[in-house]
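Student: I would like to learn how to read a model of a single chain. Please take one feature at a time.

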Amino acid sequence: MAARRRKRRMDAVEHDLSDEQWAAVQAAWGGCAYCGATDRPLQRDCVLPISRGGRYTLDNIAPACGPCNASKCNDEVTGWLRRKRYDERAFLERHVAVRALLVTPPVAVSRGGADAAGEPPVLA
Ligand SMILES: [Zn+2]
């Protein structure tokens, strides 16, 4: 739902990732998102390629080393991972975790105070 609401604005903005966000993405992954390389410069890779409807947004960008980025190109990510014999499951789990870490969940419309009934308590 949030993605659809955001889409109208994003249609006008091709690059929606700030330098700070990109730095945070790289720090969260700690290397190439696909092969794990840490000794190469990392490039912004769209997990869902632009040609398949993806965008340069925080939840769709992963750091990729040059060889991975060039190889993956416009491929669908899971199929590509399988062909490369990379750990598809590990990548997807990591991607979910990084997204949860970086992407701020949509804030509820009402700001009625601390009596948000139904929300589970946040455990530290
Ligand atoms: Zn790589």
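Student: Take a residue inside the fold. Which residues is Ala62 in contact with, once its neighbours within four places in sequence are left aside?

Tutor: This is a predicted model, so contacts are read from predicted coordinates. Leaving aside neighbours within four places in sequence, Ala62 is in contact with Trp29, Ala33, Asp45, Val47 and His95.

Student: How does Ala62 fit into a core?

Tutor: In soluble globular proteins, nonpolar side chains tend to be buried together. Here the largest nonpolar core has 18 residues, and Ala62 is among those that touch the most other members, along with Cys32, Ala33, Tyr34 and Ala64. At least two residues of this core come from each of α2 (19-29), β1 (42-46), β2 (61-65), α4 (77-84) and α5 (88-102). Strand β2 gives the most, with four residues.

Student: Is β2 enclosed or open, and why?

Tutor: Strand β2 is largely enclosed by the rest of the structure, because five of its five residues are buried. Both faces are covered. Ile61, Pro63 and Cys65 lie on one side, and Ala62 and Ala64 on the other.

Student: How does β2 run relative to β1, and how many bridges join them?

Tutor: The two strands run antiparallel, joined by five bridges. One pair can be located by name: Arg44 has Pro63 of β2 as its bridge partner.

Student: Now a single residue of that strand. Why does Cys65 count as buried?

Tutor: The test is a count of C-beta neighbours, with 20 or more inside 10 Å needed for a buried residue. Cys65, in strand β2, has 22 such neighbours and therefore counts as buried. With neighbours within four places in sequence left aside, Cys65 is in contact with Cys32, Cys35, Ala37, Arg40 and Leu42. A separation in sequence can be set beside a distance in space: Cys65 and Gly36 are 29 residues apart in sequence, with 8.6 Å between their C-alpha atoms.

Student: Where is Phe91, and why does Phe91 count as buried?

Tutor: Phe91 lies in helix α5. It counts as buried because it has 20 C-beta neighbours inside 10 Å, and the cut-off is 20 or more. Outside its neighbours within four places in sequence, Phe91 is in contact with Ala33, Tyr34, Leu81 and Tyr86. For the pair Phe91 and Ala33, the sequence separation is 58 residues and the C-alpha to C-alpha distance is 7.0 Å.

Student: What share of the contacts in the chain joins residues 24 or more positions apart?

Tutor: Among contacts with a separation of 6 or more, 61% are between residues 24 or more positions apart.

Student: What do the loop residues look like by the neighbour count?

Tutor: Two examples come from the loop between β1 and β2. Tyr56 is found in that loop and is partly exposed, with 18 other C-beta atoms within 10 Å. Tyr56 and Leu17 are 39 residues apart in sequence, and their C-alpha atoms are 6.2 Å apart. Ile50 is found in the loop between β1 and β2 too, and it counts as exposed because it has 12 C-beta neighbours inside 10 Å. From Ile50 to Asn60 there are 10 residues in sequence and 9.8 Å in space, C-alpha to C-alpha.

Student: Which backbone angle deserves a look in the loops?

Tutor: Look at phi. Cys73 is not a glycine, yet has a positive phi of about 50°. Cys73 sits in the loop between α3 and α4 and counts as exposed, because it has 11 C-beta neighbours inside 10 Å. Arg85, also a residue other than glycine, has a positive phi near 60°. Arg85 is placed in the loop between α4 and α5, and its 7 C-beta neighbours inside 10 Å are why it counts as exposed.

Student: What is the overall layout of the chain?

Tutor: The chain has five helices and two strands, in the order α-α-β-β-α-α-α along the sequence. Of its 124 residues, 19% are buried.

Student: Which element has the lowest mean pLDDT, and which the highest?

Tutor: Where pLDDT is low, the predicted coordinates should not be read in detail. Among the elements, helix α1 (residues 2-10) has the lowest mean, 55, and helix α3 (residues 66-72) the highest, 97. The mean for the chain is 83, and 71% of its residues reach 70 or more.

Conventions: Residues numbered from 1 in each chain as written. Predicted model: local features only at pLDDT ≥ 70, side-chain atom pairs only at ≥ 80, totals over all residues. pLDDT = per-residue confidence, 0-100. Core = buried A, V, L, I, M, F, W, Y, C linked by C-beta atoms within 7 Å. Contact = placed C-beta atoms within 7 Å. Pairing = 2+ DSSP bridges.
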